[in-house]
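Visitor: I should like a close look at a single part of this model. Please describe one residue and its surroundings, and then the packing of a helix pair.

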Amino acid sequence: MLRTARAGVAVLLTASGGLLFAASWQRWAGACPWRGDRETPECTTRMDHLYDFLPPAEPWVPAGTAAQLAGASLLVLAAALLALPWALTGRGPGPGTVTALVAVVLVMTDVGLATLRSGLDGAVVSPLLPDVVSWSWVFVLPVLVGCLGVLSRGWAAGAAAVLLVLASPLVAYLSYAIGPFDAQPWWEAISGLLTCGAGACVLVLATRRPARGREAVLEPAVPT
């Protein structure tokens with residue numbers, strides 16, 4: 001049962017990361033290279049916050065299907081978070097973890113749906129609780145995943161937690177999302193790749209064999 005849950009979480013994390021990478025491709029491909037000269041009019045234009053989609057905010061200009069892909073990525077990630085405590089720690093979460101987990105999943109679902117609807121409508125659709133969303137999604141998510149990482153056992157579970165923290169909005173905004181103009185080119189793709197890496201680590205947990213405990217073998221004494 002635990003192995004199945006871990007496999008499901010691994011697939012969902014990988015899918016979420018792939019969708020986010022595809023969303024980033026919609027924004028930056030053809031305008032900004034992954035490496036090389038980015039001081040071009042096309043790239044400078046795409047760095048403007050007008051093209052941000054996590055989540056969209058007024059004023060906003062859609063970049064292809066980036067918002068739809070990003071919204072789907074967040075919804076898939078929310079589904080992965082439901083079983084993440086079991087996947088990383090191998091046991092059920094406590095009451096505090098459950099409360100934080102439910103809050104993060106609801107908030108991420110709210111953001112994902114708003115982002116998806118914005119892309120489909122071609123206009124900004126705000127989350128139901130924008131203030132709560134900002135605090136919970138940005139701050140609670142990395143704290144929750146970090147706590148799960150502390151409670152986890154083994155390098156694969158710890159590495160998955162670290163990668164998910166690095167992919168979170170808070171770390172992204174503080175490190176690799178801020179660019180020379182507004183946004184750093186391909187920063188969403190970095191978050192997507194980190195999420196895929198976390199999925200690969202959880203897949204290791206799902207496929208490796210459990211360690212066998214050492215059993216003491218007592219031989220009967222041979223009479224002399």
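Guide: In this predicted model, Thr89 has a relative accessible area of 13%, and because buried means under 20%, Thr89 counts as buried. The residue belongs to helix α4, which covers residues 84–89. Two backbone oxygens lie by polar atoms of the Thr89 side chain: that of Pro85 is at a distance of 2.6 Å, and that of Arg91 is at 3.1 Å. Leaving aside residues up to four places away in sequence, Thr89 touches Leu148, Leu151 and Ser152.

The helix pair to consider is α3 and α5. Helix α3 spans residues 66–82 and helix α5 spans residues 95–121. Their axes come within 7 Å and cross at roughly 160°. Because angles over 145 degrees count as roughly antiparallel, α3 is roughly antiparallel to α5. The crossing in which α3 passes α5 is left-handed.

On the α3 side, the contact is made by Ala67, Gln68, Ala70, Gly71, Leu74, Leu75, Leu77, Ala78, Leu81 and Leu82. From α5, the participants are Leu101, Val104, Val105, Met108, Thr109, Val111, Gly112, Leu113, Thr115, Leu116, Gly119 and Leu120. Sorted by class, this contact of α3 with α5 comprises 16 nonpolar and six polar residues, with no charged residues.

Note on methods: Residues are numbered from 1 along each chain as its sequence is written. This is a predicted model: local features need pLDDT of at least 70, side-chain atom pairs count only at pLDDT 80 or more; totals for chains, interfaces and linings use all residues. Side-chain values use heavy atoms; hydrogens and water are left out. Axes are lines fitted to C-alpha atoms, for helices over the stretch in contact, and angles run from 0 to 180 degrees between N-to-C directions. Helices (H or I, at least four residues) and strands (E, at least two) are DSSP runs, numbered from the N terminus. Angles under 35 degrees count as roughly parallel, over 145 as roughly antiparallel, 65 to 115 as roughly perpendicular and the rest as oblique. A crossing is left-handed if the near helix is turned anticlockwise from the far one by less than a right angle, and right-handed if clockwise. Contact means heavy atoms within 4.5 Å. Ala, Val, Leu, Ile, Met, Phe, Trp, Tyr, Cys and Pro count as nonpolar, Asp, Glu, Lys and Arg as charged, and the others, Gly among them, as polar. Buried means under 20% relative accessible area, exposed over 50%, partly exposed in between (1.4 Å probe, protein chains only). A polar contact is a pair of N or O atoms within 3.5 Å; within protein, one must be able to donate a hydrogen and the other to accept it, and residues adjacent in sequence count only if both atoms are side-chain atoms.
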